[in-house]
Amino acid sequence: MNRFPLLSERLRDIDDDPFCIFSIDDYLPDTLYRELKGSFPKEEYFGDPMTGARSNQKHYLRSARQPKLFTDFCERHATWRSFADFVSSEQFVGDLNHLLLDVLRRSRGIMALRRWNLETTDWMRAWRQTVTTDLEFSRIGSSGYIMPHTDTPSKLVSLLLYFPDQSWQNSYGGSTEFYRPKRRSHENNWANRSQPFSEMLLLERFNFVPNRLVGFVKSRNSYHGVSPISCPEGMTRDSLNINIRAL
């Protein structure tokens with residue numbers, strides 16, 4: 001029996017207009033969530049911030065870019081190691097693939113019908129899609145933000161699990177926001193050109209509350225971002241981002 005739930009066991013409603021968005025409240029069993037939250041990476045695990053046109057003062061620890069540091073953290077925290085192994089497993093990834101197959105086909109065309117495999121031999125490559133799970137601990141401080149963007153073409157599905165401070169208030173922000181562009185010329189943005197907030201209309205907002213999982217499928221118009229945060233200094237927006245990418 002899994003310690004952690006498959007998405008198909010919890011997800012009942014998927015919004016597919018204008019692109020696929022979903023959320024699950026109280027995703028993890030409370031005891032496991034509290035174990036993960038209590039051992040969320042400390043400041044020493046977060047390196048230089050990701051800054052520039054898309055993101056301001058987002059710090060991260062990412063399995064694909066800092067594999068040794070990420071592995072070191074997981075080896076020191078057994079519950080995180082178990083959770084990372086679970087969301088990277090054939091069982092979890094296969095379940096997600098099956099759950100979102102119709103949505104992926106509408107987003108990416110007939111190529112999305114290829115079954116996902118974490119490892120694919122040469123003879124399978126013509127008819128199976130090799131994917132990888134990229135895990136990212138994300139930390140954004142006061143006044144930080146993420147500009148509206150649609151994600152890189154290689155990304156298939158993004159899942160975000162929230163770990164707010166116990167005194168976090170909705171007025172601080174930190175929500176994941178989804179948008180519809182004001183201009184039709186911005187609707188076809190498969191290449192992931194970021195846009196200013198002023199060019200977007202708010203489509204849906206998921207407040208930054210404990211144990212909430214938010215997900216979406218990458219598409220030509222899957223605009224999302226985080227408006228400037230107004231939390232007190234020293235408080236941060238902490239999340240785990242689980243990204244399924246095509247290789």
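**A tour, starting at N192**

Select N192: its relative accessibility is 6%, so this residue counts as buried (buried means under 20% relative accessible area, exposed over 50%, and partly exposed in between, with a 1.4 Å probe and protein chains only). The model is predicted: local features need pLDDT of at least 70, side-chain atom pairs count only at pLDDT 80 or more, and totals for chains, interfaces and linings use all residues. Residues are numbered from 1 along each chain as its sequence is written, and side-chain values use heavy atoms, with hydrogens and water left out.

**Two asparagines in loops**

Stay on N192, which sits in the loop between β6 (176–181) and β7 (200–206). Helices (H or I, at least four residues) and strands (E, at least two) are DSSP runs, numbered from the N terminus. The phi angle of N192 is near 70°, a positive value in a residue other than glycine.

Next, select N211, in the loop between β7 and β8 (213–217). Its phi is near 60°, again positive in a residue other than glycine. N211 has a relative accessible area of 4% and is therefore buried.

**Strand β7: L201**

Go to L201 in strand β7. With a relative accessible area of 43%, L201 is partly exposed. Show its contacts (heavy atoms within 4.5 Å): leaving aside neighbours within four places in sequence, they are F178, Y179, R180 and K182. Then add C74 and draw a C-alpha to C-alpha distance: L201 and C74 are 39 Å apart in space and 127 residues apart in sequence.

**Strand β4: D134**

Select D134, in strand β4 (residues 128–149). Is D134 buried or exposed? At 2% relative accessibility, it counts as buried. Its side chain makes a polar contact of 3.2 Å with the side chain of S63. A polar contact is a pair of N or O atoms within 3.5 Å; within protein, one must be able to donate a hydrogen and the other to accept it, and residues adjacent in sequence count only if both atoms are side-chain atoms. Not counting residues up to four places away in sequence, D134 touches R62, S63, A64, N241, I242, N243 and R245.

**Helix α5: E90**

Move to E90, in helix α5 (residues 90–99). This residue is partly exposed, at 42% relative accessibility. Beyond neighbours within four places in sequence, E90 is in contact with D95, N117, L118 and E119. A polar atom of the E90 side chain lies 3.5 Å from the backbone nitrogen of L118. Add L247: from E90 it is 157 residues away in sequence and 16 Å away in space, C-alpha to C-alpha.

**A cis peptide**

Select D17 and P18, which are joined by a cis peptide bond with omega about 5°. P18 is in the loop between α1 (7–10) and β1 (21–24).

**The whole chain**

Clear the selection and show the full chain, with its six helices and ten strands. The C-alpha trace spans about 50 × 45 × 35 Å along its principal axes. Of the 247 residues, 51% count as buried. Among contacts between residues at least 6 apart in sequence, 79% join residues at least 24 apart.
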